[in-house]
Amino acid sequence: MDTQQKVKRRVCMQCDSDALEGSDFCADCEDREFRKIRGWLIVPAIGLVLSVLVNLLSITATLRLLIDHHSEMSGTVNAVMLFELLAFIGMFLFTLYVAGLFFRKKRTLPRNYILFLFVGVAYVTLDMLLGHYYLNVPMDYEALKPVVRNLVSCAIWIPYFLVSLRVKRTFVK
């Protein structure tokens with residue numbers, strides 16, 4: 001009888017205590033494990049860091065273009081470029097805020113990350129439309145690709161952040 005009990009007894013992978021039903025960890029180790037940014041959360045973490053860098057580079061490039069070629073551009077082009085510059089600055093600041101929530105594992109992160117995704121879709125859509133209507137940029141596959149990429153990102157990450165157990169257990173502060 002002792003051998004059968006030992007065979008059925010599940011042991012924690014980290015501390016050799018009794019593991020929870022359906023888990024490889026005991027309650028304490030599972031709590032510590034889920035509070036770490038691991039699993040699929042690595043992907044949004046990398047995305048946030050890259051977004052900060054891309055927005056910073058975009059601010060620099062747009063500012064340089066505006067300063068170097070301001071007199072050569074028409075009023076409409078200047079207005080669109082100024083909109084892009086302000087949008088990049090806004091996205092940079094909002095991305096920093098969301099990244100701060102993410103890496104400090106704040107409870108408000110899931111809601112703000114979802115907002116971050118929606119703002120990204122709104123920005124690339126508006127940017128594409130401004131380019132099409134005011135700068136005669138053709139509405140082709142290349143112009144639509146960022147919009148589709150952001151929509152796919154929303155379709156993947158919004159449900160994940162709403163229902164994931166790891167998200168619920170990681171962002172608790």
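**Exercise 1. The nonpolar cores**

Determine which residues touch the most other members of the largest nonpolar core, and which helices supply this core.

*Solution.* The structure is a predicted model, in which local features need pLDDT of at least 70 and side-chain atom pairs count only at pLDDT 80 or more, whereas totals for chains, interfaces and linings use all residues. Residues are numbered from 1 along each chain as its sequence is written, and side-chain values use heavy atoms, with hydrogens and water left out.

Step 1. A nonpolar core is a set of buried Ala, Val, Leu, Ile, Met, Phe, Trp, Tyr and Cys residues joined through side-chain atoms within 4.5 Å. Buried means under 20% relative accessible area, exposed means over 50%, and partly exposed lies in between (1.4 Å probe, protein chains only).

Step 2. The largest core has 23 residues, and those touching the most other members are Leu41, Phe102, Leu109, Tyr113, Phe116 and Phe161.

Step 3. At least two residues of this core come from each of α3 (42-69), α4 (75-103), α5 (109-135) and α6 (141-163). Helices here are DSSP runs (H or I, at least four residues), numbered from the N terminus.

Step 4. Apart from this core lies another, of 14 residues, including Leu66, Phe88, Val124 and Val147.

**Exercise 2. Contacts of Thr62 and Met81**

State where Thr62 and Met81 lie, and decide for each whether it is buried or exposed.

*Solution.* Step 1. Thr62 is placed in helix α3, and Met81 in helix α4.

Step 2. Thr62 has a relative accessible area of 5% and is therefore buried. Met81, at 10%, is buried.

Step 3. Contact means heavy atoms within 4.5 Å. Leaving aside neighbours within four places in sequence, Thr62 is in contact with Met81, Glu84, Leu85 and Phe88. Met81, not counting residues up to four places away in sequence, touches Thr62, Leu65, Leu66 and Met73.

Step 4. Met81 and Leu66 are 15 residues apart in sequence, and their C-alpha atoms are 7.0 Å apart in space.

**Exercise 3. The span of α5 and the residue after it**

Compare the expected span of α5 with the distance between its end C-alpha atoms, and describe phi of Asn136.

*Solution.* Step 1. The expected span of a helix is 1.5 Å times one less than its number of residues. The 27 residues of α5 should therefore span 39 Å, and the end C-alpha atoms are 37 Å apart, which agrees.

Step 2. Just after α5, Asn136 takes a positive phi of about 60°. Most residues other than glycine have a negative phi.

Step 3. Asn136 lies in the loop between α5 and α6. Asn136 is exposed, because its relative accessible area is 67%.

Step 4. Lys105, in the loop between α4 and α5, also has a positive phi, near 55°. Its relative accessibility of 21% makes Lys105 partly exposed.

**Exercise 4. The salt bridge**

Identify the residues whose side chains meet in a salt bridge, and explain their separation along the helix.

*Solution.* Step 1. A salt bridge is a side-chain nitrogen of Lys or Arg within 4 Å of a carboxyl oxygen of Asp or Glu. The structure holds 1 salt bridge.

Step 2. The side chains of Lys145 and Glu142 form this bridge, at 3.3 Å from N to O.

Step 3. Lys145 and Glu142 are separated by about one helical turn, because they are 3 residues apart in helix α6.

Step 4. Lys145 is partly exposed at 32% relative accessibility, and Glu142 is partly exposed at 48%.
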